[in-house]
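Please take a moment to look over the chain shown below before reading on. The paragraphs that follow go through its pocket, its aromatic contacts, its cores and a few individual residues.

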Amino acid sequence: MQFLKIILLTLLSVLLSCVSDPTVPNLQSEFEIKPSSVLVLCEGLLGYNNSSITLINIEENKLSNSIFEKVNLHPLGDIANDVLKSEDYYFVLTSSSRTLYKIDKNTLKVIKSTTFSGNSLPRKMALNNNVIYITDAYQNCIHKVEKNSLNYLNSIKVGAQPEGIVIFNNMIYVVNSGWGDINKNHPQANYLYKIDIISENLVASIQTDKNPVELICDTINSNIYLTYYNLPSLPDSTGGIVKYDSQLNELSRVNGNFIRTKFSDRSNILYAINDNTPGKNNQNKSGIVEINMNSKSVETLVLNKQKQEFWYNFEIHPESKMLWVCNAKNFQNTGEIMIYDNWKINESSEIILSFPTGINPNKIIF
């Protein structure tokens with residue numbers, strides 16, 4: 001479906017003929033939330049309570065930064081780490097504030113919220129039926145929260161500093177990262193767990209490469225892809241992606257410093273951000289890459305030409321197929337969303353629009 005792409009290109013043409021800078025959106029105090037509006041979750045800075053939501057109305061070239069605070073009359077919290085969309089609601093998780101919000105999708109008003117007690121640091125979420133499963137890196141567990149009421153159900157004990165989590169065929173898969181060098185010697189660090197969702201018992205576990213952080217699940221082919229970052233303390237440390245079947249048998253792997261691994265529309269082809277740390281060591285490397293898990297080849301799709309800027313995440317729009325990149329810049333100032341057209345291999349990628357966001361944009365929800 002090319003409807004949104006036509007809108008984007010038409011908008012770009014109009015802007016070029018009317019203003020000197022076509023990438024500057026209209027920042028308005030009144031903002032209409034439409035079905036085509038795009039939500040950007042911005043995690044903010046640790047300890048500054050400045051997480052935010054940027055909402056972009058791409059059809060009218062408008063955006064509203066800090067729309068959550070404007071609608072709800074209070075800040076979102078400290079370190080917004082994850083967001084899920086389900087039916088008519090967004091579920092937004094703030095780690096340092098230890099709060100889970102249920103937000104109306106059409107108004108962005110908070111319907112309910114719950115705060116985790118004690119020494120908690122909720123990190124990542126997965127949804128199964130009416131239960132939200134949330135990893136907690138301080139309590140080394142998975143919290144279970146009922147989706148509609150946000151009532152706390154119970155927790156499942158796991159390994160050291162759980163991060164990524166996926167649920168498939170009544171099994172929970174979770175990676176225990178050990179947080180890299182911080183807890184690397186913990187006996188349950190660097191493990192992938194498989195847990196029965198009914199009995200909540202550990203079915204299987206396998207020791208992985210060091211600092212496993214991300215999990216994505218290919219439900220069609222019953223495969224799990226794990227992205228590990230390795231240890232920063234190791235010289236020339238390299239991470240990678242490992243493909244497992246649902247029984248945790250390793251099928252293939254590709255080495256590389258990847259983050260934010262995502263599926264493409266082709267089997268065994270993944271996309272990721274490669275070598276995303278700014279600096280001279282990443283000249284001509286940092287950007288979005290295509291990874292072939294069969295041939296173990298890695299090809300650059302879009303190069304990050306601003307060597308001191310940090311790309312934090314990306315998504316591919318399901319209709320226009322354009323590439324949306326979260327640029328956190330220097331992690332201190334406002335970030336931006338950059339929209340690329342013609343970004344596939346052997347094509348000339350170009351930014352057709354960009355939008356300012358809050359600090360450290362890390363999730364895009366279309």
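A pocket, in the sense used here, is an open set of points on a 1 Å grid over the protein atoms alone, with protein on both sides within 12 Å along at least five of seven lines. The model to which this is applied is a predicted one. Its second largest pocket has a volume of about 340 Å³, and of the 17 residues that line this pocket, Ile 316, His 317, Lys 321, Trp 343 and Lys 344 are the closest to its centre. When the lining is sorted by class, it comprises six nonpolar, four polar and seven charged residues.

One of those central residues, Lys 321, also deserves a look for its backbone. Lys 321 lies in the loop between β25 and β26, and its phi is positive, at about 65°, although the residue is not a glycine. Most residues other than glycine have a negative phi. Because its relative accessibility is 48%, Lys 321 counts as partly exposed. A second case of this kind is Asn 140, a residue other than glycine with a positive phi near 50°, placed in the loop between β10 (131-136) and β11 (141-146). Is Asn 140 buried or exposed? With a relative accessible area of 14%, Asn 140 is buried, since the cut-off for that class is under 20%.

The aromatic side chains come next. A search of the whole structure finds 10 aromatic pairs, and one that can be followed in detail is formed by Trp 324 and Phe 366, which meet edge-to-face with 5.2 Å from centre to centre and 80° between the planes. This pair links distant parts of the chain, as Trp 324 belongs to strand β26 (residues 323-329) and Phe 366 to the segment after β29 (361-365), 42 residues apart. Trp 324 has a relative accessible area of 0% and is therefore buried.

Elsewhere among the rings, Phe 310, Tyr 312 and Phe 331 form one aromatic cluster. Tyr 312 also has a charged partner, for the charged end of Arg 260 sits over its ring, 4.9 Å from the ring centre. In another such arrangement, Lys 262 lies over the face of Phe 314, at 4.5 Å from the centre of the ring.

Trp 324 returns when the nonpolar cores are considered. Within the largest nonpolar core, which has 18 residues, the members that touch the most others are Ile 56, Trp 324, Ile 337, Ile 339 and Phe 355. At least two residues of this core come from each of β2 (38-42), β25 (310-316), β26, β27 (334-341) and β28 (350-359). Another core lies apart from it and has 15 residues, including Leu 39, Val 83, Val 92 and Ile 365.

Two further residues can be placed through their C-alpha separations. Phe 68, found in helix α2 (residues 67-72), is buried, with a relative accessible area of 1%. Its C-alpha atom is separated by 7.5 Å from that of Lys 109, although the two residues are 41 residues apart along the chain. Asn 128, found in strand β9 (residues 122-128), counts as buried because its relative accessibility is 18%. From C-alpha to C-alpha, Asn 128 and Phe 168 are 8.8 Å apart in space, while in sequence they are 40 residues apart.

Key:
Residues numbered from 1 in each chain as written. Predicted model: local features only at pLDDT ≥ 70, side-chain atom pairs only at ≥ 80, totals over all residues. Heavy atoms only, no water. 1 Å grid on protein atoms, 1.4 Å probe; cavity = no way out; pocket = protein on both sides within 12 Å on 5 of 7 lines; lining within 4 Å. Points joined across faces, edges and corners; volume = space filled by probe spheres on them. Nonpolar A, V, L, I, M, F, W, Y, C, P; charged D, E, K, R; others polar. Phe/Tyr/Trp six-rings, centres within 6.5 Å; stacked < 30°, edge-to-face > 60°. Helix = DSSP H or I, 4+ residues; strand = E, 2+ residues; numbered from the N terminus. Buried < 20%, exposed > 50% of the residue type's maximum accessible area, 1.4 Å probe, protein only. Lys NZ or Arg CZ within 6 Å of the ring centre and 35° of its normal. Core = buried A, V, L, I, M, F, W, Y, C linked by side-chain atoms within 4.5 Å.
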